[in-house]
Amino acid sequence: MRAFLPARAVLYEEEDTRPYECDGLTAYRRLPMVVALPETEEQVRQVLQTCAAMGVPVVPRGAGTGLSGGALPPGDGILLSMAKFMRILRVDPLARIAVVQPGVRNAAISEAAAPFGLYYAPDPSSQIACTIGGNVAENSGGVHCLKYGLTVHNVLRLRGFTINGEPVEIGAEAPDAPGYDLLALAIGSEGMLVVVTEVTVKLLPQPQFAKVIMASFDDLEVAGRAVAEVIAAGIIPAGLEMMDRPATHAVEQFVGAGYDLDAAAILLCESDGTPEEVEDEIKRIREVLQRAGASRMSESRSEAERLRFWSGRKAAFPAVGRISPDYYCMDGTIPRKRLGEVLNFIGQMEKKYGLRCPNVFHAGDGNLHPLILFDANKPDELHRAEQFAAEVLEKCIEVGGTITGEHGVGIEKINQMCVQFRPEELELFLAVKRAFDPAGLLNPGKAVPTLARCAEYGRMRVQRGKLAHPELPRF
Amino acid sequence: MSLESLQTAIRDAAASGAQLRLRGGGTKDFYGNAPRGSIIDTRAYAGIVSYEPTELVVTARCGTALSELESALEGEGQCLPFEPPHFGAQATLGGCVAAGLSGPRRASAGALRDFLLGVKIVDGRGRVMSFGGQVMKNVAGYDVARMIAGTLGTLGLIAEASLKVLPRAPAELSLRLEMPLERAIEAMNRWAGRPLPITATAWHEGELTLRLSGADVALRSARQALGGTALDAAQAQARWRAVREHTHPFFAGNEPLWRIAVPSAAGPLALEGKTLVEWSGGLRWLRSSAEAGAVRDAARAVGGHATLFRASDKSAGAFMPLPPVLARLHRELKNVFDPAGILNPGRLYPEL
């Protein structure tokens with residue numbers, strides 16, 4: 001590495017590599033053998049080519065805010081930090097695109113586009129810290145994706161390298177690039193198919209005006225039904241979020257967002273557009289929520305108040321971090337109509353495992369974030385939290401949902417992949433991986449379990465009463 | 001027809017190496033390179049599997065008529081936001097997803113792939129597999145479902161698809177403005193950067209038509225900002241249908257039709273022939289007998305690509321050739337899904 005990277009860009013002393021031992025999922029830690037911090041595409045190419053030639057694993061990393069252990073370093077390989085790729089290369093206001101390096105923070109793109117009345121739509125809660133490279137790896141969402149989409153809907157083109165250091169350009173600034181949609185495949189691939197060195201994103205016009213309604217409900221299921229009523233009325237709100245009482249209480253102490261602390265659940269429902277459009281839509285939303293049983297409603301009266309209503313939702317994770325030594329954030333997505341059932345199930349799990357679990361919920365798109373509170377210093381609590389999480393994720397699959405809506409599988413949910421997918425589907429994922437990375441060096445062991453691992457987990461999905469691959473040993 | 005019989009047909013073909021031509025209503029037979037192989041007609045595997053308007057998701061089998069699906073959505077005040085072209089009454093959902101084509105609303109709403117939440121496919125070994133699902137957000141496993149859009153049946157038979165649907169706009173209004181292409185391109189891009197409810201654009205022979213969709217109040221203020229003459233509702237509807245379905249006079253005749261996708265703000269292309277421009281400038285239809293190489297060079301020069309859409313001679317290849325690394329990845333992926341190479345061989349690229 002030192003042959004082509006400056007001395008400051010190669011870290012191997014423990015005191016230097018320690019900060020890279022984990023990402024946002026701190027329950028899993030591993031010291032990387034070496035951390036490489038390249039500054040140019042050529043250096044990235046050389047790192048990859050060298051690692052490929054020597055058979056050394058490589059794990060790419062952005063800001064390390066991921067919540068599923070996707071950037072957990074390899075003990076016997078290179079952690080490839082893209083932190084120094086932090087330039088915004090081009091903002092083209094007429095074409096409404098920005099070309100940025102992967103280490104650019106999500107919020108920095110919107111800041112750079114703001115003078116032109118444009119912004120980058122996906123807004124994960126961690127947007128002040130997380131990088132666009134990490135967003136691409138995880139297909140990150142946010143609180144506005146029902147109307148404006150996920151990362152996959154807002155990225156036009158990627159430039160990067162395969163593990164062998166071959167340059168690739170995927171997608172294009174022009175619509176509908178020819179051939180297979182490798183852009184869809186690469187986005188959300190958790191750094192396992194290519195290493196990205198440049199990202200072209202779509203910019204949208206900033207809405208002229210936005211307003212949010214905060215509605216209180218005495219019952220979680222009633223709140224869940226109110227969400228369906230809004231959609232049934234033909235309204236697609238810019239944001240539609242739900243928080244239960246334990247979550248609002250945690251948040252209120254932390255940021256003072258002005259939430260109704262008596263409500264069993266609150267809904268935040270945002271409308272954006274021209275001022276006339278917003279007034280019109282807010283009126284309709286108000287009527288729907290009233291009919292659906294809201295016990296109290298208040299509207300943001302200023303931009304500052306709107307941002308304050310959202311500040312609580314966006315600070316939910318750190319707020320929960322203050323009331324509990326540790327927490328475990330889940331990310332299942334379910335059909336909205338099953339919300340009441342799943343929340344009841346979570347309530348039962350709280351009793352079964354003796355752990356509390358506040359819920360925040362991207363209600364518009366059915367994405368749940370139950371936060372299991374535990375104390376890693378108490379014997380057995382982490383283990384209980386993990387089992388709690390596993391049961392909830394498997395419940396999400398059972399009701400027709402998925403184990404992860406936006407945080408990724410990483411190392412955290414790898415066992416539940418064995419439940420969500422059948423062996424032949426997992427085999428296909430592994431074969432797709434081999435098509436890009438035959439030796440399996442890029443972020444190995446993440447996102448897609450081997451069938452042997454599934455056999456060990458003992459939750460292989462049984463097809464028509466017949467266990468697939470009976471030849472594999474089970475433990 | 002059952003899924004098992006489709007599986008059996010594919011499994012048998014894989015064993016004997018017989019090439020298969022997966023086909024729905026045949027309305028897009030012209031698209032891509034010439035189809036070959038014995039036909040598997042998917043129309044018998046039809047029907048809406050589930051549709052719950054409040055979940056904003058519809059799931060249907062491949063043989064379902066696109067018109068049937070769209071009327072079911074219309075009945076609930078919803079629509080397929082990407083406005084897929086049918087190109088004939090027989091169009092099926094399977095063919096629609098396999099072709100991956102989007103209509104006039106693409107620049108504002110997104111492409112077919114943006115709304116494709118999940119698929120069930122039968123791969124080249126006859127295995128049934130499901131990817132994605134019926135929820136809005138799902139990042140478990142690689143996003144194989146979205147990648148299936150536009151593969152023209154070369155990776156698997158699309159047995160079932162789940163699509164995100166949206167409410168239909170409460171009101172629409174179309175405006176006509178006179179302006180030369182260069183100014184129209186500039187104007188369409190400028191407007192797209194402002195919060196205006198423009199959901200379709202079409203420029204042809206000095207006339208720019210805009211469609212606005214949304215709440216009445218929004219349309220009124222947008223109309224003031226944009227100017228132009230309003231079309232009456234029936235005329236407007238017919239106009240957009242003609243653009244979407246290629247029944248507009250521009251599309252008549254036998255001269256080769258090119259579909260040139262470019263970055264939307266790229267200036268007019270210096271190519272001989274008539275043109276019709278959509279998607280705020282991102283899509284340039286061209287009727288021209290110009291050399292394929294010249295058309296593709298012109299597209300490439302501005303960062304775009306050119307598809308030979310309708311032509312009696314497609315020896316130049318329907319789609320723009322891929323650079324070597326991407327071409328290799330395509331071959332590797334084809335080999336993962338269809339190792340015997342029996343599914344719609346050559347339809348997308350000769351080597352796939």
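## A buried arginine in chain A

A residue counts as buried when its relative accessible area is under 20%. By that cut-off A:Arg157 is buried, because its relative accessible area is 14%. The structure you are looking at is a predicted model, and this arginine is a friendly place to start reading it.

A:Arg157 belongs to strand β8 of chain A, which covers residues 155-161. Leaving aside residues up to four places away in sequence, A:Arg157 touches A:Glu169, A:Ile170, A:Gly171, A:Ala172 and A:Glu173, and also A:Leu183, A:Glu198, A:Val199 and A:Thr200. Two of these neighbours can be followed through polar contacts between side chains. With A:Glu169, the side chain of A:Arg157 makes a polar contact of 3.2 Å. With the side chain of A:Thr200, the distance is 2.8 Å. The chain also brings A:Glu173 to A:Arg157: the two are 16 residues apart in sequence, and their C-alpha atoms are 6.3 Å apart in space.

## A buried histidine in chain A

Next, look at A:His362, found in strand β17 of chain A (residues 359-362). This histidine is buried too, because its relative accessible area is 2%, and buried means under 20%.

Which residues touch A:His362? Not counting those up to four places away in sequence, they are A:Gly142, A:Val143, A:Leu240, A:Glu241, A:Arg313, A:Asn367, A:His369 and A:Glu406, together with B:Lys137 from chain B. The side chain of A:His362 has a polar contact of 2.6 Å with that of A:Glu241. Another polar contact, of 3.3 Å, joins the side chains of A:His362 and A:His369.

## A covered helix

Helix α3 of chain A spans residues 106-113 and is mostly covered, with 6 of its 8 residues buried. The buried residues are A:Asn106, A:Ala107, A:Ala108, A:Ile109, A:Ser110 and A:Ala113.

What lies over these buried residues of α3(A)? The cover includes strands β5 (88-92), β6 (97-100), β7 (118-119) and β10 (195-202) of chain A, along with helix α4 (132-138) of chain A.

## Where chain A meets chain B

Now step back to the two chains. Their contact takes 83 residues from chain A and 69 residues from chain B. Together, chain A and chain B bury about 6,200 Å² between them, and carbon and sulfur atoms account for 63% of that area. On the chain A side, A:Asp176, A:Tyr180 and A:Leu428 supply 13% of the area buried against chain B, more than any other three residues.

There are 8 salt bridges between chain A and chain B. In one of them, the side chain of B:Glu52 meets that of A:Lys337, at 2.1 Å from N to O. The count of residue pairs in polar contact between the two chains is 24, with both residues at pLDDT 80 or more. Several elements of chain A each give at least two residues to the side that touches chain B, among them α5 (145-148), β9 (167-171), α8 (220-232), α10 (275-291) and α16 (423-436). The largest share, 10 residues, comes from α16(A). By class, the side of chain A that touches chain B divides into 41 nonpolar, 22 polar and 20 charged residues.

## Two domains in chain B

Chain B has its own internal contact to explore. Its domain assignment gives domain 1 (3-167) and domain 2 (171-245). Taken over C-alpha atoms, the centres of the two domains of chain B are 30 Å apart. How many residues bring the domains into contact? Domain 1 of chain B has 10 residues in contact with 9 residues of domain 2 of chain B.

About 750 Å² is buried between domain 1 and domain 2 of chain B, and carbon and sulfur atoms give 41% of it. B:Glu83, B:Pro104 and B:Arg105 supply 59% of the area that domain 1 buries against domain 2, more than any other three residues. B:Arg105 also appears in a salt bridge, where its side chain meets that of B:Glu172 (3.3 Å, N to O). The count between these two domains is 3 salt bridges, and there are 7 residue pairs in polar contact, both residues being at pLDDT 80 or more. The side of domain 1 that touches domain 2 in chain B has 4 nonpolar, 3 polar and 3 charged residues.

Terms used. Residues numbered from 1 in each chain as written. Chains lettered and ligands numbered in written order. Predicted model: local features only at pLDDT ≥ 70, side-chain atom pairs only at ≥ 80, totals over all residues. Heavy atoms only, no water. Domains from an automatic or database assignment. Contact = heavy atoms within 4.5 Å. Buried area = accessible area lost by both parts, 1.4 Å probe. Salt bridge = Lys/Arg side-chain N within 4 Å of Asp/Glu carboxyl O. Polar contact = N/O pair within 3.5 Å; in protein donor to acceptor, adjacent residues only side chain to side chain. Nonpolar A, V, L, I, M, F, W, Y, C, P; charged D, E, K, R; others polar. Helix = DSSP H or I, 4+ residues; strand = E, 2+ residues; numbered from the N terminus. Buried < 20%, exposed > 50% of the residue type's maximum accessible area, 1.4 Å probe, protein only.
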